[in-house]
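Visitor: I should like to look closely at one part of this protein, namely its aromatic side chains and their surroundings. Please take me through that part and then place it in the wider chain.

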Amino acid sequence: METPRRPNIVIILTDDHAAHAISAYGSVVNETPRIDEIAREGVRFDNCFATNALCSPSRASILTGTYSHVNGVSTLVTPIDASQPTFISQLKEAGYRTAMVGKWHMGEHEGNTPEGFDYWDILIGHDGQGEYWDPLFLSAEGERIAEGYATDIITDLSLDWVESLGGDDPWCVLIWHKAPHRPWEPHPKHADLFTDPIPLPSTWEDDYATRTSSARRAAMRIAEHLNAEDLKQSPPEGLSYEAEALWKYQRYMEDYLRCVASVDENVGRVIDWLRERGEFDDTVLMYSSDQGFFLGDHGWFDKRFMYEESLRMPLVLSYPRAVPPNQVHSGIVTNVDFAQTVLEFAGTGNHPRMQGRSFAGDLTGGPAQPVAEGMYYRYWEHDDVFHRAPAHYGWRTDRYKLIYFYNDGMGIPGTGVFTYPGEWELYDLEADPEELHNVYFDSAYARIREELKVQMWMEQERLGDRPHPSQPRPQLLEELAAGRER
Ligand code: CA
C-alpha cells in the first residue's frame, strides 16, 4: 500500500489582524477575498483564542505549544530561550525542511534567535517590531537591509526558499508578517482605498459604566491616545471632541485596512503559487494572527484585554487532501493547540511538554480529542505605563467569561496609585455578546460566578500556573472539599 504523502506546512501569521476585519468573518469594513478563499477550501474557526493577547507571548505559545508561564515569554521584554522544544524542532527531527521569515519578536541576541530552522530571516530593530519600509533583517549570515515593502518582501523570501529546495522531503515555512501592526504604514498603491466614511462599531460609545477601574484606566482610547506617528496628519482645527474622535477613527482605520489589503494580496500570492506548483491539495495552509485588535470597539485601539475583539484570533485552514471544504469549527481552540495540531497533520509525535489539544481530528473526521470546556487566559504586564492595561487572568467558556484584574507593579506615574485590590468582571456572552454589562455583582449570577472561579482555579492547577496572591481561594472550593469530608 502506498504511504500517504506527508503534507507541506505553511503558516501565515500576521500581527494584530482582528477577525472582524476579514470578510469570511462578516467584516463590514473591508473585503479579504484571498483569506476567505482558504476558509472556503477548508475551515473557518469561530472560537480560536489567544491565551495571552500580545505579540511575543502569542508567538512563543504557537511555537512551543505551551502557556506563557511555561515557555517564559510572558511579556514583550521576556525573550525566548530558543533551545526549548517547538513543533519546528519536532518536524525537523522527522525530516522536514524548515524556515522562518519575518516578524519573530522574541529576541535578537544569541540564544533568542530562531533555532531548529534550516533557514531563518527575521525583522529586527524597534525592539523587534521591524519596519514596514526597507526593513532591517537578521539571518545566520548577519544583518542587511532589504529594499521595499515588508509584507511583499517576507512573501518573496519565503517562496524563494522553498523554490531553492531539491528532493522530495516535505517542508514547513512560517511566513510571519509585521502588518497590520502599529504604526500602520500602507503601500501607496492602496492609498485610494477606504476613503469613504468607515462604519463605526456598535460599541463605539461604551461608557465602561459597569466595568472595573482597570478598563476605565486603559490608555488605548482612539479619542485620546493615538499619537502623531499613528495619525501622520494633524486633525483639522476647531473640531469638537466627538468630531475629532471620529476623524481619528477614520484616519486609523484607513491605514489599518490598507495594510490588511497588502496582507490579503500576499496570501493570494501564496495560494496561486501553491496551485501552480500542484501542491495546494497536499499543503496544510493556515492563516492566523497573533491575537485580535480593537477597531474602535469600546472606543479603543490595541489589544491586551481579555475582551472578545482582542482575545479572538482569526484562523482559517485548508488541506484539501484530508480536510473537507466549507467547514465552520465552533469549538474552543487556542494558540497553544497549534503545535500539536500541525504535528498530528505531519504524522509526527508531539513533545510531552506541550500543553494543547490537537484539533486535527475535528477536521478530518478521524479520532478527535475531547472538546475543551473553556480556555485560560493570562496577561502578565504589570508595568506598561504606555497602555495602562493591568495584569489579569480569566476563564472563558462557550457562554461565560470571568476576569480577575490585579496589579502589583510600579503603578501609574503621577497618580499615586501603586497597587490596588483585585477586581472581578463577569460577562454572560449569550445575553451580552458585546460585553457591555459586567454581571459579577448581579445576584442572579452568584452561583455560576462561584462555579467559574472553581473551574479557573482547577485549570490553573492543571496547567501549573498559580493564582495571584491577592486572589482569595474560592469559597465554593472549600464547601466542595468539606462536602467530600462529611
Ligand atoms: Ca500582535
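Visitor: Are Phe-305 and Tyr-307 buried or exposed?

Guide: Phe-305 is buried, and Tyr-307 is buried as well. Please bear in mind that this is a predicted model. The count of aromatic pairs comes to 31. Phe-305 and Tyr-307 make up one of them, with ring centres 5.2 Å apart and an angle of 40° between the planes, a tilted arrangement.

A second pair is formed by Tyr-393 and Tyr-404. Their ring centres are 5.5 Å apart and their planes meet at 45°, so this pair is tilted. Tyr-393 belongs to strand E14 (residues 392-396) and Tyr-404 to strand E15 (residues 400-405), so the pair ties together parts that are 11 residues apart in sequence. Tyr-393 counts as buried because its relative accessibility is 0%, under the cut-off of 20%. Tyr-404 is buried too, with a relative accessible area of 2%.

These two tyrosines also belong to a wider group. Ring pairs join Tyr-393 and Tyr-404 with Tyr-67, Tyr-376, Tyr-406, Trp-424, Tyr-440 and Phe-441 in a cluster. One member of the cluster, Trp-424, has a charged neighbour: Lys-453 lies over the face of the Trp-424 ring, 4.6 Å from its centre. Elsewhere, Arg-44 lies over the face of Tyr-25, at 5.7 Å from the ring centre.

A look at helix H13 follows. This helix covers residues 446-463 and includes Glu-450. Glu-450 is buried because its relative accessible area is 17%, which is under 20%. Apart from neighbours within four places in sequence, Glu-450 is in contact with Gln-475 and Leu-476.

Buried acidic residues also appear at the calcium ion. Its protein donors are Asp-15 (OD), Asp-16 (OD), Cys-55 (SG), Asp-290 (OD, listed twice) and Gln-291 (OE1 and NE2), at 2.2 to 3.1 Å from the ion. Along the chain, these donors follow the spacing D-D-x38-C-x234-D-Q. Asp-16 and Asp-290 thus link distant parts of the chain, being 274 residues apart. Asp-16 is in the loop between strand E1 (8-14) and helix H1 (33-41), whereas Asp-290 is in the loop between strand E9 (283-289) and helix H10 (308-311). Asp-16 is buried at 1% relative accessibility, and Asp-290 is buried at 0%.

Helix H9 adds a further element to the picture. H9 comprises 36 residues (241-276), which at 1.5 Å a residue should span 52 Å; the end C-alpha atoms are 53 Å apart, in agreement with that value. H9 is mostly covered, as 26 of its 36 residues are buried. After H9 comes Gly-278, with a positive phi near 70°.

Finally, the chain as a whole. Its secondary structure comes to 14 helices and 16 strands. The radius of gyration is 22 Å, close to the 23 Å that the globule rule gives for 486 residues, so the chain is as compact as a globular protein of that length. Along the principal axes, the C-alpha atoms fill a box of roughly 70 × 65 × 45 Å. Of the 486 residues, 61% are buried. Among contacts in the chain with a separation of 6 or more, 68% are between residues 24 or more positions apart.

Key
Residues are numbered from 1 along each chain as its sequence is written. This is a predicted model: local features need pLDDT of at least 70, side-chain atom pairs count only at pLDDT 80 or more; totals for chains, interfaces and linings use all residues. Side-chain values use heavy atoms; hydrogens and water are left out. Helices (H or I, at least four residues) and strands (E, at least two) are DSSP runs, numbered from the N terminus. Buried means under 20% relative accessible area, exposed over 50%, partly exposed in between (1.4 Å probe, protein chains only). Contact means heavy atoms within 4.5 Å. Donors are N, O and S atoms within 2.8 Å of the metal (3.2 Å for Na, K and Ca); water is not among the atoms, so sites may look incomplete. The expected span of a helix is 1.5 Å times one less than its number of residues. Rings of Phe, Tyr and Trp (its six-membered ring) pair if their centres lie within 6.5 Å; planes under 30 degrees apart count as stacked, over 60 as edge-to-face and the rest as tilted. A charge sits over a ring if NZ of Lys or CZ of Arg is within 6 Å of the ring centre and within 35 degrees of the ring normal. The radius of gyration is taken over C-alpha atoms; the globule rule is 2.2 Å times the number of residues to the power 0.38.
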